[in-house]
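Reader: I am new to this structure and would like a close look at a single part of it, the nonpolar core, along with the loops. Please set it in the context of the whole model.

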Amino acid sequence: MGLYEENGIRINREPFGPLTGTLIPPFMSHSVAIIEGLLALEQGVKSITVGYGQVGSLTQDIAAIQALRELSHEYFHNHGFDDYELSTVFHQWMGGFPEDEAKAFSVIAWGAAVAGMSGATKVITKSPHEAFGIPTAAANVQGLKASRQMLNMVSDQKFPQCAAVEQEVDLIKSEVRAVLKKVFELGNGDIARGTVLAFEAGVLDVPFAPAACNAGKILPVRDNTGAIRILEAGAVPLPKDILALHHDYVAERAHFEGRKPSFQMVIDDINAVSHSKLIGRP
């Protein structure tokens, strides 16, 4: 792609932001997106789109897009890249969908509304047939029309800055910086090598990824407001104070539900949207 750029043909590089699309903590998808962006810039690419998959928490989704944009610029500039175009893409809910089409349209419309209010450059839409398999062309058109209607309605609105969003932005940035610091240390200046070693060490760990090179030790779960938190961190190098914060968020939900934090919570959260909820309550 860099060769095309040298010959006057600009091609956009857009890595797949949502990863497995299942309870992905924003800091992990952001870390991967920034790494892929840096590797593309090293190869001469000048147009980068970094992506993010909706988790369903309004506050966390709004904060995630803001943090992704700001962190990408931060790392690209710090690595000596200034001549590039950056855009963001918001993927509507990538997890399980309700079988009922009316309920599925609610999920689609919610994703479009949040995407619009987040200021994302573009949105990847879903269809009302997600629960059944590959959608028909007609179903995809329905998803596009529903999304366009909602995007038109929120086109003049942006979610206002507030303490909750700012706190989440700061948390995501701290988490990403902790992970990428270790990745760069492992690579000793070579981002690609650092990435390979980071996956081997479990520093980069994508929840529920089937790849043999992925440690699969990290375990995400929702907190009592629906945001994605960490139940088990594995070898991901989050600072102790951040891990303690995640523990407190999960403990608050566990107390509210009258049960101990457990893998059952994770299972319940994976299935929740299919059952017309966001948080997998017992």
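Author: What follows goes from the whole protein to its cores and then to single loop residues.

This is a predicted model, in which local features need pLDDT of at least 70 and side-chain atom pairs count only at pLDDT 80 or more, while totals for chains, interfaces and linings use all residues. Residues are numbered from 1 along each chain as its sequence is written, and side-chain values use heavy atoms, with hydrogens and water left out.

The secondary structure of the protein comes to nine helices and six strands; these are DSSP runs numbered from the N terminus, helices being H or I over at least four residues and strands E over at least two. The radius of gyration is 19 Å, close to the 19 Å that the globule rule gives for 282 residues, so the protein is as compact as a globular protein of that length. That radius is taken over C-alpha atoms, and the globule rule is 2.2 Å times the number of residues to the power 0.38. Along its principal axes, the C-alpha trace spans about 50 × 45 × 40 Å.

Of the 282 residues, 48% count as buried. Buried means under 20% relative accessible area, exposed means over 50%, and partly exposed lies in between, with a 1.4 Å probe and protein chains only. The protein exposes about 13,000 Å², and carbon and sulfur atoms supply 55% of that area; accessible areas come from the Shrake-Rupley method with a 1.4 Å probe, and for residues only the protein chains shown count as cover. Among the contacts with a separation of 6 or more, 68% are between residues 24 or more positions apart. Contact here means heavy atoms within 4.5 Å.

Now the core itself. A nonpolar core is a set of buried Ala, Val, Leu, Ile, Met, Phe, Trp, Tyr and Cys residues joined through side-chain atoms within 4.5 Å. The largest one has 59 residues, and F27, I34, F90, V176 and V179 touch the most other members. Helix α3, residues 58-78, gives this core its largest share, nine residues. A second, separate core has six residues, including W93, F97, V107 and I108.

F90 shows what one of these core residues touches. Leaving aside neighbours within four places in sequence, the contacts of F90 include Y52, Q54, D61 and I65. Further along the chain, F90 is also in contact with G111, V114, A115, S118, A120, K122, V123 and I124.

The loops on either side of α3 come next. V55 lies in the loop between β2 (47-53) and α3, and at 4% relative accessibility V55 counts as buried. With neighbours up to four places away in sequence left out, V55 is in contact with I24, Q60, D61, W93, R222, I228 and L278. W93 is thus a contact of V55 and also a member of the second core. The C-alpha atoms of V55 and P18 are separated by 9.5 Å, with their positions 37 residues apart along the chain.

The loop between α3 and β3 (85-91) holds H79, and D83 is in the loop between α3 and β3 as well. H79 is partly exposed, with a relative accessible area of 34%, whereas D83 is exposed at 52%. Leaving aside neighbours within four places in sequence, H79 is in contact with L38, F184 and I191. H79 and F105 are 26 residues apart in sequence and 42 Å apart in space, C-alpha to C-alpha. For D83 and K46, 37 residues apart along the chain, the C-alpha separation is 6.7 Å.

Two residues of the loop between β1 (12-13) and α2 (26-42) complete this part: F16 and L23. F16 is partly exposed, with a relative accessible area of 45%, and touches H91 and M94, not counting residues up to four places away in sequence. The C-alpha atoms of F16 and V89, 73 residues apart along the chain, are separated by 9.5 Å. L23 counts as buried at 4% relative accessibility, and has a positive phi of about 50° although it is not a glycine.

N188 also has a positive phi, near 50°, in a residue other than glycine. N188 sits in the loop between α6 (163-187) and α7 (191-201), and at 71% relative accessibility N188 counts as exposed.
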